[in-house]
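User: Please take a close look at one part of this structure for me. I would like to see how one buried spot fits into the fold around it.

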Amino acid sequence: MNSFTIAIDGPAASGKGTLARRLADYYHLRLLDTGLTYRAVGHALLTHGLPLDNESAAETAARQVDLSNLDKHTLSAHAVADAASRVAVFPQVRKILVDKQRAFAAQPGGAVLDGRDIGTVVCPNADVKLYVTASAEVRAGRRLRDIESRGGHAELAEILADIVLRDARDTDRADSPLRPAADAHLLDTSEMSIEAAFLAAKSIIDVVMAKRSTA
Ligand code: C5P
């Protein structure tokens, strides 16, 4: 197989990141968490004390994003996630980051990309598109367990409110709103373990790969 692209989209804390990592490991594909690119822009503005509605500063920061140097740990902070969803509404920021993401996807060997607009905008010709979702309550519960497992503390109601706000921002924006591509496979993980979600995704991907190799 010379090149195989898997596009994974879905709302915050849907489990798409974990699924993307498992699939990339299993199929030996490169992985790009595109959320980190928007987070890097938000983080740059926060670090320089610039307002998050400063579009030209956000554009400059977007140009400086280096895909080979995205520090997941620094970018995982709650304030950075919020900043990311604010700068993600600027069309020029999206254009700059989407160009970088497409260049990543176009390298030989294939890739898994996860985000909000991979199947619709970044890789509309992806071999497999998955749209991973779960109820806001389930997602908030997962996020809380994740925080607590790392020794942190948070309130479920606050996490839920944050998820609902970020969903609204991502779904309602004019440019590249969060929505499933017409040809995406929907995976509702509300009542699914990570393992079950992985197996469901794997069976979809294996069928497409088998068809490709006999074509
Ligand atoms: O996936 P993650 O939570 O890291 O994404 C942070 C924010 O970046 C999202 O809430 C969204 O606003 C934005 N984003 C986006 N398009 C993507 C990936 C992330 O707009 N492909």
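Analyst: What follows starts with the whole chain, then moves to one loop residue, its partner in the core, and a covered helix.

This is a predicted model. The chain has 10 helices and five strands. Is the chain compact or spread out? With 215 residues, a compact globule would have a radius of gyration near 17 Å, and the chain agrees because its own value is 17 Å. Along the principal axes, the C-alpha atoms fill a box of roughly 55 × 35 × 30 Å. Buried residues account for 47% of the 215 residues. Contacts reach far along the sequence. Of those between residues at least 6 apart, 80% join residues at least 24 apart.

Now the close look. Thr34 sits in the loop between β2 (30–33) and α2 (35–47). Is Thr34 buried or exposed? The cut-off for buried is under 20% relative accessible area. Thr34 has 2%, so Thr34 is buried. Which residues does Thr34 touch, leaving out those up to four places away in sequence? They are Gln101, Leu113, Asp114, Gly115 and Ile118.

Follow one of these partners, Leu113. With the same neighbours in sequence left out, Leu113 touches Thr34 and Gln101, and also Thr5, Ile6, Ala7, Ile8, Leu32, Phe104, Ala105, Ile118, Val122 and Cys123.

Leu113 leads into the largest nonpolar core, which has 34 residues. Leu113 is among those with the most contacts inside this core, along with Val41, Leu45, Ala58, Leu70, Leu97 and Cys123. Which elements give two or more residues to this core? They are α2, α3 (55–63), α5 (78–87), α6 (91–106), β3 (111–115) and α7 (118–122). Another core, of 19 residues, lies apart from it, and includes Phe4, Ile8, Leu23 and Val128. In soluble globular proteins, nonpolar side chains tend to be buried together.

One contributor to the largest core is α5. How many of the 10 residues of α5 are buried? Seven are, so this helix is mostly covered by the cut-off of under 20%. The buried ones are Val80, Ala81, Asp82, Ala83, Ala84, Ser85 and Val87. Their cover includes α2, α3, α4 (72–75), α6 and α9 (156–172).

Put the pieces together. Thr34 is a buried loop residue. Thr34 touches Leu113, and Leu113 is one of the residues with the most contacts inside the largest core. The helix that comes after the loop of Thr34, α2, gives residues to that core and helps cover α5.

Note on methods
Residues numbered from 1 in each chain as written. Predicted model: local features only at pLDDT ≥ 70, side-chain atom pairs only at ≥ 80, totals over all residues. Heavy atoms only, no water. Helix = DSSP H or I, 4+ residues; strand = E, 2+ residues; numbered from the N terminus. Rg over C-alpha atoms; globule rule 2.2 N^0.38 Å. Buried < 20%, exposed > 50% of the residue type's maximum accessible area, 1.4 Å probe, protein only. Contact = heavy atoms within 4.5 Å. Core = buried A, V, L, I, M, F, W, Y, C linked by side-chain atoms within 4.5 Å.
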